[in-house]
Amino acid sequence: MLAALGEDHSESDVLRLALHQAVADLGGLGGFVHVRGPGGSRRLRLTTAAGLPPSISRMWEDIGWDEALPPARAARSLGTVWQPATGIPSGYVPTAATGVVAVPLPSPDLPLGVLSVVTVLPDPPTPAQYAFLTSLAEWLSGVLQRPAAAERETSPIWWRSEAPTDPRLQQAFNAARVGAWDWDIRTGEVVWDEAMQRVLGIDPESFDGRIESWVALVHPEDRPWVMAGTEQSVRERGGYSSEYRVCRPDGTTGWVEARGRVVLGEDGEPARMTGTLWDTTETRLAMDAAGRALRHMSDAFLAVDAGWRISFVNLRAEQLLGSSQLITGQVLWDIEAVRTSGIEQRCRSAAAQRTPTGFEVPWPGGGRWYHVRLVPVPDGLTLYFTDVTERRQRDAESAAAERAAAERAARMEELTQSLAKAITVDDVVSAVAERVIPPFGATGLLMMSTEDEQMRLVGVVGFPESSRARIAEVMNAGGTASGEVLRTGVPKYFTSREEYAEAHPQSAELAALVGKSAGAVLPLIVSGRAIGACVLSFDTSRVFGKEERTLLSAIGGLIAQALERARLYDAEHARAQALQRGLLPRALPSVPAVTAAARYLPAAGEGIQVGGDWYDLIPLSADRVALVIGDVMGHGLSEAATMGRLRTAVHTLAGLELPPDELFASLNDLVSGFGDEFYATCLYAVYDPTDGTCVMARAGHPPPAIVDSTGTISFPALPANPPLGAGTPPFETAELRLPEGSLIVAYTDGLIESSLRDIDTGMDLLAGAIGRHLSTAWGRRPHGNLKPVQAVQGELAEGAWEARDEVEAEQLLHICDSLTSALVPAHGFADDDAAILVVRTRVVPHRNIASWTLPDDPVAASQARGHVRRQLAEWLLEDLVMSTEIIVSELVGNVVRHARGPIRLRLLRSRTLICEVSDGSLTTPRIRHADATDEGGRGLQLVSALCQRWGTRSTSEGKCIWTEQPLHPESHVLNEPALLDVL
């Protein structure tokens, strides 16, 4: 079928048909044909493609001779190559392809080109298919090498050396002024027709038929490149085409275009060149008019043909790319400025898509920017280069101004947000130092507040500590810029120290004292009242522009509002803290039964940070002690006041020796009377050191953590009573027996509960923190018991209880700090108020306790005195025998006369001598004021005079009357005047 093609088909038609046959025979997806460049070029250019999308065809447009792609390998090896798709870079073939087979188009020297097919079969082509491709390539090479192939494709019929024989064609041939010529390259003889003679203006009789005579007609300016093009065509044995000026013998000048083709002789060497020549003067004049307009336009303009060769450049383009004589005819990418500009890919994309496009690029070496506009045309591409450097500079300046405005707005917004979050005066100073000093390049800040017509430094940044007192002194001496802005309300700006000294000579010392060179003094005014001044200082001289002054004035207003709010907060906060300190115990009492330590952490937030958490340690009779910790829900002054009322009530009720359940019943009535919006949780425990029992009750409060002497940590299952103010009596209690040295860790829910964890998780964390502290801080005995404090600090002499309590209290404070740091968030405050009370228990040794049962008979007083004498002698307390005998005689006598048995007497040797008389009656004795003539009624007066305190408490069997006498000898006579009065 291919052999049947007529000679009227162009080379492109032949290539396309041959490629379709190759793809069909191999059952491939598509294919392409590459042709080698003219002369000895070693690059393959894509000329024909079929069956492949443009995105893939573009990848094969230009292939170097040494590349690893199949066409290059086939050209180098002069043989057929099949390369699997796995060895081809991604994007060069469709995903369904299995490989590419390439066969060179043979010629005597280098291959004319390469024909390639994209295959889809899993195996390489068969030998028969290889043979077909080889024979197809040989046939195609022969077609391409026919002498007149180029003429038939690109030139009109008058490229033939002989003139047409048809008269009508001859008439048209002459009218078009197209001449034919034939040049013998070896002899230099030229033969041309009459039409060509008329175009060149030559007299046939005077033409000598030499090529030199023809060359002499070429315009001297065009002659060099015309000759160079001719020699190149002969050397490359290819086609020839050029347009140039001729100088006719009659003195006129015109434009002609010559085209020709090299014809090889029998020896394969160039023998002749034949072609045509026609007059293009009129066309050229029209083109020159357009060319002049393009050539002198302000934008750079150039045109390229389908092979990317430059065909036209204007003057502005010559300034960018080089002289038109040097670059016309060159491939666009061979010009260094274009190659380094990075526009090649975009140009190729625009040409492939055939759509206009534009973009901006920096031009190499000049620091300028150009907008490149690419417009595809039928035979190539046109490019316009518009210098946009100044426009970009204007845009950049405008963008910079917008950014500066945006930065100023953002700076103001950031400062506003920071000042809005500032609570205290220190927060305001920190916000100004962080948000104002760096953006303005300042190096110092002075914040002053007016109080009682005096200025006080409330914030200093960037000044040495040693100079601050002197700065404050000079500012209050008068004649300063800050004093002036406070009076006038107008900011002051100083560009140098000399300017400040000239404006304020009375305080010239201040400029040297602060060590700065420039400054801005801003008045701080709220509601028309000056509350202070803010000074920004700079190390170097500085001129403040109008816009900068406006911004600083606005910043001064923001600072003033924040400072006034912070001053009010600080004052209220100081009052609230004083209230909090007054409501909580300043120090826990030192008692024999326990050693205790506590910590209170206010809630985080923007409030005044006082709340309703409280704790207490209340001494009771017989060395017993009451432990209490509670929480009024919420925090604020109202809750703190309620907490103070509850704490007072607990002290009062505990002094009545009420058991925990009865105490809670009274507290519940009290809280209920505060209103529906008030309720409180509370843990109340009474510890008795004589037997180690602890009676506890909780009302809506988390249970305490108990650490026994073995180090075991537990949370006792106490009855869960409702919070005070939300429940009704009775309240349930529980009794625990605690070994000596046990720890009771009581706390409020703010310690273990937060928005990030529930109460159960918090209790687990608390237990873990206690365990870690005990294992690292106290250590353990070999058998597992906790070391007592004496083992850590050395055995203390009996009676040195003050030193012992001090050591133990320090240890317990360390536990409090360790637990709060482990459970409270890292920022230092919990979500809610948090209080913790840690108590270490002690048990009274049995040798310090003595008790007896007495008969319900008058003889009981005598027996009681005998027991007292013997026991006090054993305890080496003989100096207390007389007073103690009187006390027990009166107490026992009262029981015999006014109450009922059974009667018990108990003595406790502690920090005081405790005497207890118990009976089965609930009648409470009261002191009477006997007249001088009364024979009785002075017993309890006598008891009160002999002891430092006394009282009664209810028991399960009745009541107990107790007294306490100091053990220090100097304390025995403290009540001697009262005793004499009684006697």
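**View 1. Surface and make-up of the whole chain.** The accessible surface of the protein chain is about 47100 Å². Carbon and sulfur atoms account for 52% of that surface. The model is predicted. Of the 983 residues in the protein chain, 46% are buried. The secondary structure consists of 32 helices and 37 strands. Contacts were counted between residues at least 6 apart in sequence; 59% of these join residues at least 24 apart.

**View 2. An open sheet of five strands.** The strand order is β18-β17-β21-β20-β19, and the pairing is antiparallel. The edges are β18 (454–461) and β19 (492–494), each of which pairs on one side only. From one strand to the next, the twist averages 20°. Strands of a sheet pair through backbone hydrogen bonds, either parallel or antiparallel.

**View 3. The edge at β19.** Here β19 pairs with strand β20 (residues 518–526). Three bridges link β19 and β20, in the antiparallel sense. Y493 faces A520 of β20, standing opposite that residue.

**View 4. Helix α18 on the sheet.** Helix α18 covers residues 465–475 and packs on the sheet. The helix touches β17 (444–451) and β18. The direction of α18 makes about 145° with that of β18.

**View 5. Helix α22 across four strands.** Helix α22 spans residues 546–583. The strands that α22 lies across are β17, β19, β20 and β21 (529–538). Relative to β20, α22 runs at about 50°. Strand β17 thus appears in both helix views: α18 touches β17, and α22 lies across β17.

How values were computed: Residues numbered from 1 in each chain as written. Predicted model: local features only at pLDDT ≥ 70, side-chain atom pairs only at ≥ 80, totals over all residues. Heavy atoms only, no water. Helix = DSSP H or I, 4+ residues; strand = E, 2+ residues; numbered from the N terminus. Buried < 20%, exposed > 50% of the residue type's maximum accessible area, 1.4 Å probe, protein only. Contact = heavy atoms within 4.5 Å. Areas by Shrake-Rupley, 256 points an atom, 1.4 Å probe, with all protein chains shown as cover. Pairing = 2+ DSSP bridges. Axes fitted to C-alpha atoms, helices over the stretch in contact; angles between N-to-C directions.
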